[in-house]
Amino acid sequence: MSADEIKSLDEFIPFLEAYPDYDLSTLPSWVADDIENAKVYGNKKRGVIMPDGQKYHLDNKLNDMNGRDWTFFINSVFSTHYPTRGKEGYAHEIRKIHPTPKPPQLMRDLICFFTKHGEIVFDSFMGVGGTLIGASLANRRALGIDLNPEYIDAYKRAASELNLGEQSTICGDCIEILERKKDIEEFLKEDKISLMLIDPPYGNMMSREKTGGDISVYGKNSTPFTESEKDLGNMDKDSFLAALKKSVELTLPFIKTRGYIVVFIKDLQPHKKDVNLLHADVINKLNEIRNLYYKGMKIWSDESTKLYPYGYPFCFVANQIHQYILVFRKEK
Ligand SMILES: C[S@@+](CC[C@H](N)C(=O)[O-])C[C@H]1O[C@@H](n2cnc3c(N)ncnc32)[C@H](O)[C@@H]1O
């Protein structure tokens with residue numbers, strides 16, 4: 001907004017004059033907290049402008065963002081370098097018992113785009129709780145499931161260390177829990193999930209014997225998340241895709257109309273004639289679900305990933321420092 005436009009703010013109508021009975025609890029806190037100074041603009045008076053020029057739209061049913069942050073978010077690439085120490089490490093020391101913990105800040109930013117304050121986030125593969133901590137940082141409620149009780153315990157210790165309230169967790173196979181429905185219904189009561197945010201195992205990528213630079217990261221032995229046959233990380237590609245589809249399909253009835261499903265995924269390395277574009281396989285598989293539509297992707301480039309001379313000095317092997325963040329929406 002230009003200086004001239006800001007000068008003309010005086011000409012706009014005060015919010016409380018235009019909407020004396022508006023339910024302020026539905027507004028983002030950055031608007032509600034300074035509502036006396038908020039003004040409305042536009043023919044239909046649906047635009048809200050704050051004294052610092054930030055704008056909010058009263059028809060925004062998706063999130064609490066101003067237009068500037070919205071535009072920044074829809075950039076197709078996230079490039080980050082999150083620290084793993086100190087306050088910004090978000091108890092990484094505790095969470096690092098997991099081989100692939102997600103940075104809570106990254107999950108918070110996704111949650112802030114795909115939900116409003118107070119709404120519900122669900123992660124059926126919660127690990128040590130990157131999503132749950134992200135939800136707490138964003139003031140959202142969350143439910144997480146993981147097969148491995150040690151991961152859930154580490155999440156609880158991390159939440160306590162960070163002085164964050166503990167989100168709800170269930171230990172077990174997410175498919176069985178979703179099929180049974182009871183625990184999910186008890187958590188949700190009359191509510192619905194606004195965002196399913198998951199970072200499933202990438203097929204059997206983690207449980208295969210490691211080669212090259214991965215040996216120094218994980219050791220030579222396989223590092224499955226659990227020994228269970230229900231662990232998606234112990235399945236071959238087709239069974240993995242079928243189980244992932246099932247977990248999403250079973251969650252769909254609990255998700256609100258126009259709610260989102262956001263899935264992290266990484267490609268496997270090409271093998272002979274198999275191109276192994278796992279992210280494309282996941283898009284096609286989940287897009288088979290009735291009423292669920294693929295909407296696009298963001299690429300997360302994790303600049304903190306250590307580089308290894310894979311293939312040196314013989315051939316090209318990509319060091320994948322990026323992951324795909326696939327976005328789907330429930331339409332009806
Ligand atoms: C990539 S990790 C998720 C990491 C997580 N985003 C974090 O921040 O810690 C995938 C998780 O899925 C869990 N998992 C695999 N199969 C599962 C199943 N059938 N039900 C529930 N959890 C499962 C594994 O134990 C593992 O912790």
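**View 1. Polar contacts of the ligand with Lys 230, Asp 199 and Lys 102 in a predicted model.** A backbone N or O atom of Lys 230 is 2.9 Å from a nitrogen atom of the ligand. A polar side-chain atom of Asp 199 also lies 2.9 Å from a ligand nitrogen atom. For Lys 102, a backbone N or O atom is 2.9 Å from an oxygen atom of the ligand. A polar contact is a pair of N or O atoms within 3.5 Å. On its own the ligand has 600 Å² of accessible area (Shrake-Rupley method, 1.4 Å probe), and the protein covers 100% of this area.

**View 2. The shell around the ligand.** There are 25 residues around the ligand (a heavy atom within 4 Å), of which Val 128, Asp 146, Asp 173, Asp 199 and Lys 230 come nearest. By class, eleven residues of the shell are nonpolar, eight polar and six charged. Asp, Glu, Lys and Arg count as charged, while Gly is among the polar residues.

**View 3. Trp 30 in helix 3.** Helix 3 spans residues 29-32 and contains Trp 30; helices are DSSP runs (H or I) of at least four residues. With a relative accessible area of 24%, Trp 30 is partly exposed, a class between buried (under 20%) and exposed (over 50%), with a 1.4 Å probe and protein chains only. Trp 30 and Asp 64 are 34 residues apart in sequence, with their C-alpha atoms 8.8 Å apart in space.

Residues are numbered from 1 along each chain as its sequence is written, and side-chain values use heavy atoms, without hydrogens and water. In this predicted model, local features need pLDDT of at least 70 and side-chain atom pairs count only at pLDDT 80 or more, whereas totals for chains, interfaces and linings use all residues.

How values were computed
Polar contact = N/O pair within 3.5 Å; in protein donor to acceptor, adjacent residues only side chain to side chain. Helix = DSSP H or I, 4+ residues; strand = E, 2+ residues; numbered from the N terminus.
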